[in-house]
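Work through the three exercises below with the structure open. Each one has a task and then a solution in steps.

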Amino acid sequence: MSHPNPPSAEEPRPRGRPPLPAEARRSQRLVVSLTPAEAAEVADRAAAARLAPAVYMRRRGLGRPSRQVVVRRLGAAELRELNRIGVNLNQIARALNAGAAAPSGTRAALERCHEAVLDLLVGEAEAP
């Protein structure tokens with residue numbers, strides 16, 4: 001009995017996010033010794049900023065503000081718009097999964113959509 005979908009002679013498509021260029025990879029480590037009280041304070045501040053302690057320390061150490069993500073409450077109009085975006089994204093995904101070719105500009109449109117959703121859902125507040 002033959003297999004209904006024989007393996008393709010093509011190379012498998014790479015999965016996941018493409019690797020970062022060497023200069024963008026975080027390959028250097030800095031070890032910092034803290035007292036238990038200091039470690040607890042860093043952990044508390046990172047949690048308040050909704051960040052991992054390493055991300056919090058990197059941002060603060062480089063003089064960048066740590067931001068707390070605030071999820072906004074949505075009204076009826078915003079919920080309708082978010083639903084429309086979701087319906088459109090689902091239609092796009094369904095077409096692409098069925099083998100349709102993505103038109104030029106699809107990536108840019110999806111990035112704009114991502115930004116619009118973030119603007120709709122998320123704001124920023126300065127962390128303590």
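**Exercise 1.** Decide whether valine 117 is buried or exposed, and find its contacts beyond its neighbours within four places in sequence.

*Solution.* The model is a predicted one.
- Start with accessibility. Valine 117 has 18% relative accessibility. Buried means under 20%, so valine 117 counts as buried.
- Next, place the residue: valine 117 is part of helix H4.
- Now list the contacts. Leaving aside neighbours within four places in sequence, valine 117 touches Leu82 and Ile85.
- Then compare sequence and space. Valine 117 and glutamate 81 are 36 residues apart in sequence, and their C-alpha atoms are 9.4 Å apart.

**Exercise 2.** Check the length of helix H4, then work out where its buried residues lie.

*Solution.*
- Helix H4 covers residues 106–121, which makes 16 residues. At 1.5 Å a residue, the helix should span 22 Å. The end C-alpha atoms are 22 Å apart, so the two values agree.
- The buried residues of H4 are Thr106, Cys113 and Val117. They cover an arc of only 35° around the axis, which puts them on the same side of H4.
- That side packs against helix H3 (76–97).
- On the other side of H4, Arg107, Arg112 and Asp119 are exposed.

**Exercise 3.** Describe how helices H1 and H2 pack.

*Solution.*
- Take the angle between H1 (residues 36–48) and H2 (residues 53–61): about 90°. The helices are therefore roughly perpendicular to each other.
- Add the distance: the axes are 9 Å apart.
- Name the contact residues. H1 gives Val42, Arg45 and Ala46, while H2 gives Pro53, Tyr56 and Met57.
- Sort them by class: five nonpolar, no polar and one charged.

Terms used
Residues are numbered from 1 along each chain as its sequence is written. This is a predicted model: local features need pLDDT of at least 70, side-chain atom pairs count only at pLDDT 80 or more; totals for chains, interfaces and linings use all residues. Side-chain values use heavy atoms; hydrogens and water are left out. Axes are lines fitted to C-alpha atoms, for helices over the stretch in contact, and angles run from 0 to 180 degrees between N-to-C directions. Helices (H or I, at least four residues) and strands (E, at least two) are DSSP runs, numbered from the N terminus. Angles under 35 degrees count as roughly parallel, over 145 as roughly antiparallel, 65 to 115 as roughly perpendicular and the rest as oblique. Contact means heavy atoms within 4.5 Å. Ala, Val, Leu, Ile, Met, Phe, Trp, Tyr, Cys and Pro count as nonpolar, Asp, Glu, Lys and Arg as charged, and the others, Gly among them, as polar. The expected span of a helix is 1.5 Å times one less than its number of residues. Buried means under 20% relative accessible area, exposed over 50%, partly exposed in between (1.4 Å probe, protein chains only). The arc is that of the directions from the helix axis to the C-beta atoms.
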